[in-house]
Amino acid sequence: EIPVCVFFYSSNVTDRYGVFAGVEEIAERLNGRVLILGIDIMIHRDLVDKYELVAVPDFVLLDNGELKSSFGAVDYEYWTMTDVYNWLILNKI
């Protein structure tokens with residue numbers, strides 16, 4: 001099994017910063033090392049509380065179904081998809 005990176009987003013918010021394209025690029029670069037799963041919080045509202053999401057986009061890393069780490073974009077004044085990629089690498093992906 002490989003770790004799962006859950007990418008939380010909202011279908012009510014436009015992707016004006018190109019986050020979806022960045023997530024796709026990361027998925028291609030880390031193919032076979034991590035499975036990236038996109039979850040729309042408008043459909044799966046129960047996961048907002050479970051993973052204590054404050055805002056989207058947000059990223060949660062699961063290993064064997066257990067929370068290993070999270071990259072809460074709201075925690076950063078400025079971030080890029082390179083930061084998300086580096087966060088995954090630092091978590092031994």
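Starting at the N terminus, the elements of this predicted model follow the order β-α-β-α-β-β-α. That makes 3 helices and 4 strands, where helices (H or I, at least four residues) and strands (E, at least two) are DSSP runs numbered from the N terminus. The radius of gyration, taken over C-alpha atoms, is 12 Å, close to the 12 Å from the globule rule (2.2 Å times the number of residues to the power 0.38) for 93 residues, so the protein is as compact as a globular protein of that length.

Now look at the sheet. Its 4 strands line up as β2-β1-β3-β4, forming an open sheet with mixed pairing; two strands pair if DSSP finds at least two bridges between them. β2 (35–40) and β4 (66–72) are at the edges with a single partner strand each, so one side of each has no neighbour in the sheet. From one strand to the next, the twist averages 25°, with angles running from 0 to 180 degrees between N-to-C directions of axes, which are lines fitted to C-alpha atoms, for helices over the stretch in contact.

Next, follow β1 (residues 4–9): it pairs with β2 in the parallel sense over 6 bridges. One example is F7, whose bridge partner in β2 is G38. Helix α1 (residues 19–29) packs on the sheet and touches β1, β2 and β3 (58–63), contact being heavy atoms within 4.5 Å. The direction of α1 makes about 170° with that of β1. Helix α3 (residues 81–90) lies across β1, β3 and β4, at about 15° to β3.

A couple of reading notes: residues are numbered from 1 along each chain as its sequence is written, and side-chain values use heavy atoms, leaving out hydrogens and water. Local features need pLDDT of at least 70 and side-chain atom pairs count only at pLDDT 80 or more, while totals for chains, interfaces and linings use all residues.
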